[in-house]
Amino acid sequence: MSFSYSYKRQITVTNSNSIGLYNYQAWVVVDTSTPISGGKMRPDCGDVVFTDANNNVLNAYVEPGTCNTASTRFFVSVPYIAPQSSVTLNMYYGNPAAVNVLYPYDTLLLGEDLTQFSKSFLYGFASYIYQQYIRLVPGSGGRWGGVVGR
């Protein structure tokens with residue numbers, strides 16, 4: 001990928017576990033209100049791109065309603081983090097012509113838009129529940145799921 005972004009921020013993601021993490025959805029919290037108010041980032045965070053240390057583009061997603069805040073929440077899919085180690089991610093921004101590549105379905109294991117229905121069910125084990133989406137990971141015995149409803 002050819003990078004024509006004006007700004008770069010490095011972010012460290014740490015694995016404190018004794019096992020390696022594969023296809024890990026890292027939760028990255030950054031201030032986007034400052035660069036947006038300074039005209040350095042698009043107001044929809046649509047020009048943000050995350051890469052690994054070799055500038056390979058990583059799948060990422062911004063949690064709805066958190067862009068242009070001091071605590072913007074991104075999920076970034078990191079291919080591998082060795083046990084008891086860290087990886088450095090690059091967050092590029094500042095390209096008004098950039099195509100928005102922040103999609104939940106490319107990043108999260110499962111994304112369900114719960115604003116579309118009065119009640120939704122996903123059975124099994126849930127690991128995280130956020131404003132509009134649930135992220136599911138395998139539970140004991142490799143089973144998937146979780147129950148979600150409003």
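A residue counts as buried when its relative accessible area is under 20%, as exposed when that area is over 50%, and as partly exposed in between. Arg42, at 18% relative accessibility, is therefore buried. The model described here is predicted. The protein has 150 residues, and 41% of them count as buried. Two helices and nine strands make up its secondary structure, and a search of the whole structure finds one disulfide.

**Overall layout**

- Along the sequence, the helices and strands follow the pattern β-β-α-β-β-β-β-β-α-β-β.
- Contacts between residues at least 6 apart in sequence are mostly long-range in this protein, since 69% of them join residues at least 24 apart.
- The accessible surface comes to about 8,200 Å², and carbon and sulfur atoms account for 51% of that surface.

**The four-stranded sheet**

- Strands of a sheet pair through backbone hydrogen bonds, in either a parallel or an antiparallel sense.
- In this protein, four strands form an open sheet in the order β1-β7-β3-β4, with antiparallel pairing.
- The edges of the sheet are β1 and β4 (57–58), each with a single partner strand, so one side of each has no neighbour in the sheet.
- Nine bridges hold the antiparallel pair β1 and β7, and within this pair Arg9 has Met91 of β7 as its bridge partner.
- β3 and β7 run antiparallel and are joined by three bridges, with Phe50 standing opposite Met91 in β7.
- β3 also pairs with β4, in the antiparallel sense and over two bridges.
- Phe50 stands opposite Leu58 in β4, as well as opposite Met91 in β7.

**The nonpolar core**

- The largest nonpolar core has 23 residues.
- The members that touch the most other members are Val28, Val48, Phe50, Phe74, Val76, Leu89 and Met91.
- At least two residues of this core come from each of β1 (7–15), β2 (21–30), β5, β6 and β7 (85–93).
- Beyond its neighbours within four places in sequence, Met91 is in contact with residues including Tyr7, Lys8, Arg9 and Ile11.
- The contacts of Met91 also include Val30, Met41, Val48, Val49 and Phe50.
- Phe50 and Met91 thus appear together among the core members with the most contacts to other members, and the two residues also stand opposite each other in the pairing of strands.

**The disulfide**

- Cys45 and Cys67 are joined by a disulfide, with an S to S distance of 2.0 Å.
- The two cysteines are 22 residues apart and belong to distant parts of the chain.
- Cys45 lies in the loop between α1 (33–37) and β3 (49–51), and Cys67 lies in the loop between β5 (60–62) and β6 (72–81).
- The link is right-handed, with 95° about the S-S bond.
- Cys45 counts as buried because its relative accessible area is 0%.
- Cys67 also counts as buried, because its relative accessible area is 19%.

**Salt bridges**

- Side chains of opposite charge can pair when their charged atoms come close.
- The count for this protein comes to two salt bridges.
- In one, the side chains of Asp44 and Arg42 meet at 3.2 Å, N to O.
- Asp44 is partly exposed because its relative accessibility is 40%, whereas Arg42 is buried at 18%.
- In the other, the side chains of Arg73 and Glu63 meet at 2.9 Å, N to O.
- This second pair links distant parts of the chain, with Arg73 in strand β6 and Glu63 in the loop between β5 and β6, ten residues apart.
- Arg73 is partly exposed, because its relative accessibility is 24%.
- Glu63 is buried, because its relative accessibility is 5%.

**Trp27**

- Trp27 belongs to strand β2.
- The relative accessible area of Trp27 is 47%, so this residue is partly exposed.
- Trp27 and Glu63 are separated by 36 residues in sequence, and their C-alpha atoms are 10.0 Å apart in space.

Notes:
Residues are numbered from 1 along each chain as its sequence is written. This is a predicted model: local features need pLDDT of at least 70, side-chain atom pairs count only at pLDDT 80 or more; totals for chains, interfaces and linings use all residues. Side-chain values use heavy atoms; hydrogens and water are left out. A disulfide is a pair of cysteine sulfur atoms within 2.5 Å. Buried means under 20% relative accessible area, exposed over 50%, partly exposed in between (1.4 Å probe, protein chains only). Contact means heavy atoms within 4.5 Å. Accessible areas come from the Shrake-Rupley method with a 1.4 Å probe; for residues, only the protein chains shown count as cover. A salt bridge is a side-chain nitrogen of Lys or Arg within 4 Å of a carboxyl oxygen of Asp or Glu. A nonpolar core is a set of buried Ala, Val, Leu, Ile, Met, Phe, Trp, Tyr and Cys residues joined through side-chain atoms within 4.5 Å. Two strands pair if DSSP finds at least two bridges between them.
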